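Trainee: I am new to this structure and would like to go through it with you. Could we begin with the terms and then move from topic to topic?

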Amino acid sequence: MNFKHMLAALQGVAAYKDLLDRPVLSCALRLTHSAVHGDGLGGLEAYTDLFYHLQADGCGGLGEWLGQALRWSEGPYPRLCEAGRRDPALEQAARMDISAFALLASVDCDKWLARLGQLLDNDYQGVLTGLPRWRSGVPFSFEGLSQAYRREGAGLLGRYRAFCWQGGQLIPVPHPDCPGQDDLLGYQRQRETVIRNTQALLAGKAVNNILLYGESGTGKSATVKSLLRLPGSEELRLIQADKEDLSGLPALIRTLEGRRQKFILFIDDLALDQDSTAYSVLKTILEGGVAPRPDNVAVYATSNRRHLVRQSLSQRLGDEVDRAETIRETTSLADRFGLRVLFQGLDKGEFLSLVDQLAGRHGVTLPPEQLHQKAVAWERYHGGQTPRSALQFVLSLT
């Protein structure tokens with residue numbers, strides 16, 4: 001095995017340098033360097049570190065780990081392919097990098113241990129014999145990776161559908177809570193408005209930002225989360241941001257421009273103070289600032305407040321000129337949402353009809369009159385006539 005040739009190839013990696021600082025490849029480089037330069041103790045440490053990090057990442061082989069790391073790389077070559085563009089110099093660099101990684105993945109552990117055996121004295125031979133192995137093999141290729149980038153996208157945005165924005169970072173949510181359309185209760189007209197806007201976003205059209213407002217428990221948040229399960233929504237990404245942590249969103253939006261995916265920035269339960277930083281940040285996001293909002297990004301927010309901004313009694317009772325200006329300012333934020341969709345509480349007939357529907361779904365067999373009496377008593381003390389209250393009532397009977 002020509003370890004020197006492999007070290008030179010790895011040190012020449014140019015298109016996938018984002019992978020070199022990952023613990024697995026850092027250990028592999030240390031191991032290769034030790035094998036070339038005769039550092040037996042350093043090589044032994046690198047070998048055991050490499051095995052540990054492979055196991056920590058859930059991979060039984062270096063080729064398996066490399067295949068995943070290359071597939072979901074955020075480097076310039078995957079992004080080039082995702083955008084459907086070509087660059088001969090970058091393509092050649094990526095091809096050479098993948099050849100170097102394939103050479104590394106193909107080395108059997110026996111070859112590594114044999115080299116370490118040459119560098120260490122007899123006291124270490126028993127340790128080397130008992131060391132664990134990882135699988136060798138090359139389950140990736142330049143052509144296969146390139147096709148995957150073009151077909152499905154690259155990086156975290158290609159791999160995951162939902163994210164949380166926390167502390168200036170996108171945190172993937174591998175298994176998001178996304179109810180299906182059949183799980184949503186009532187408000188079909190309101191949901192259709194949101195769906196039509198989202199389908200236009202997926203079609204590449206400029207769309208409105210949406211404010212879903214109204215009573216708690218009516219399914220506003222569930223409506224937004226269910227969009228990930230719409231037919232044809234494979235390119236849709238949902239990014240939920242906490243209303244207290246909006247400061248980095250303008251910069252995030254700029255990074256999303258030009259990506260193939262379509263993005264909904266989701267702000268749940270929005271209510272702001274007029275003098276808060278989040279208030280001014282959200283105004284900038286909705287208006288676009290100096291740079292317009294990209295066509296592949298829309299803001300969907302939910303709130304129990306129509307006007308989003310809390311008003312104090314003193315603000316409303318100021319002198320006539322100031323009061324009018326204050327009211328205009330506090331309502332102007334909500335007006336920046338092109339679509340405002342109201343989710344109001346159900347009337348008594350709608351509420352009881354929903355109770356009947358849910359009772360049948362959950363196997364409740366009370367006579368209708370008794371069921372309705374109990375439901376009316378329940379809603380008086382448990383949150384009003386909403387789908388959430390109806391579901392909680394029926395579940396209390398099961």
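Mentor: Let us begin with the naming of elements: helices and strands are DSSP runs, numbered from the N terminus, with at least four residues for a helix and at least two for a strand. Please keep in mind that this is a predicted model.

Trainee: With that naming, where does Y187 lie?

Mentor: Y187 is found in the loop between β2 (169–173) and α11 (188–202). Its phi is near 60°, a positive value in a residue other than glycine.

Trainee: Is Y187 buried or exposed?

Mentor: Y187 counts as buried, because its relative accessibility is 9% and the cut-off for buried is under 20%.

Trainee: And what is phi for D269?

Mentor: Phi of D269 is near 55°, again a positive value in a residue other than glycine. D269 belongs to the loop between β5 (262–267) and β6 (272–273). With 39% relative accessibility, D269 counts as partly exposed.

Trainee: Changing topic, how many aromatic pairs does a search of the whole structure find?

Mentor: The search finds seven aromatic pairs. One of them joins F3 and W112, whose ring centres are 5.0 Å apart. Their planes stand at 40°, so the pair is tilted.

Trainee: Why is an angle of 40° called tilted?

Mentor: Planes under 30 degrees apart count as stacked and those over 60 as edge-to-face, while the rest are tilted. The planes of F3 and W112 are at 40°, so that pair is tilted.

Trainee: Which helices hold F3 and W112?

Mentor: F3 lies in helix α1 (residues 3–11) and W112 in helix α7 (residues 109–119), so the pair ties together parts that are 109 residues apart in sequence. Both F3 and W112 are buried.

Trainee: How far apart are the ring centres of Y47 and W134?

Mentor: The centres of the Y47 and W134 rings are 4.6 Å apart, and the planes are at 35°, so this pair is tilted. Y47 is part of helix α3 (residues 40–56), whereas W134 is in the loop between α8 (125–130) and α9 (142–152), so the pair ties together parts that are 87 residues apart in sequence. Y47 is buried, with a relative accessible area of 0%. W134 counts as buried as well, at 6% relative accessibility.

Trainee: Which residues form an aromatic cluster?

Mentor: Y77, F142 and Y149 form one aromatic cluster.

Trainee: What sits over the ring of W72?

Mentor: The charged end of R71 does, at 3.9 Å from the centre of the W72 ring. W72 appears again in the second largest pocket, as one of the residues that lie nearest its centre.

Trainee: Then let us discuss that pocket. What volume does the second largest pocket have?

Mentor: Its volume is about 220 Å³. The second largest pocket is lined by 15 residues, and those nearest its centre are R22, Q68, A69, W72 and R159. At least two lining residues come from each of α4 (62–71) and α10 (155–159). α4 gives the most to this lining, with three residues. By class, the lining of the second largest pocket has eight nonpolar, two polar and five charged residues.

Trainee: And what about the largest pocket: which residues lie nearest its centre?

Mentor: They are G217, T218, G219, A222 and R388, out of 24 residues that line the largest pocket. The elements that give two or more residues to this lining are α12 (220–225), β7 (297–303), α17 (348–361) and α19 (387–397). The largest share, four residues, comes from α12. The volume of the largest pocket is about 440 Å³. Its lining has seven nonpolar, nine polar and eight charged residues.

Trainee: Last topic: in the largest nonpolar core, which residues touch the most other members?

Mentor: Y16, F101 and W112 do, in a core of 51 residues. The elements that give two or more residues to this core are α1, α2 (23–37), α3, α4, α5 (76–82), α6 (88–105), α7 and α9. α6 gives the most, with nine residues.

Trainee: One more residue, please. Where is the place of L249?

Mentor: L249 is in helix α13 (residues 249–256), and at 1% relative accessibility L249 counts as buried. The C-alpha atoms of L249 and L282 are separated by 8.8 Å, and these residues are 33 residues apart along the chain.

How values were computed:
Residues numbered from 1 in each chain as written. Predicted model: local features only at pLDDT ≥ 70, side-chain atom pairs only at ≥ 80, totals over all residues. Heavy atoms only, no water. Phe/Tyr/Trp six-rings, centres within 6.5 Å; stacked < 30°, edge-to-face > 60°. Buried < 20%, exposed > 50% of the residue type's maximum accessible area, 1.4 Å probe, protein only. Lys NZ or Arg CZ within 6 Å of the ring centre and 35° of its normal. 1 Å grid on protein atoms, 1.4 Å probe; cavity = no way out; pocket = protein on both sides within 12 Å on 5 of 7 lines; lining within 4 Å. Points joined across faces, edges and corners; volume = space filled by probe spheres on them. Nonpolar A, V, L, I, M, F, W, Y, C, P; charged D, E, K, R; others polar. Core = buried A, V, L, I, M, F, W, Y, C linked by side-chain atoms within 4.5 Å.
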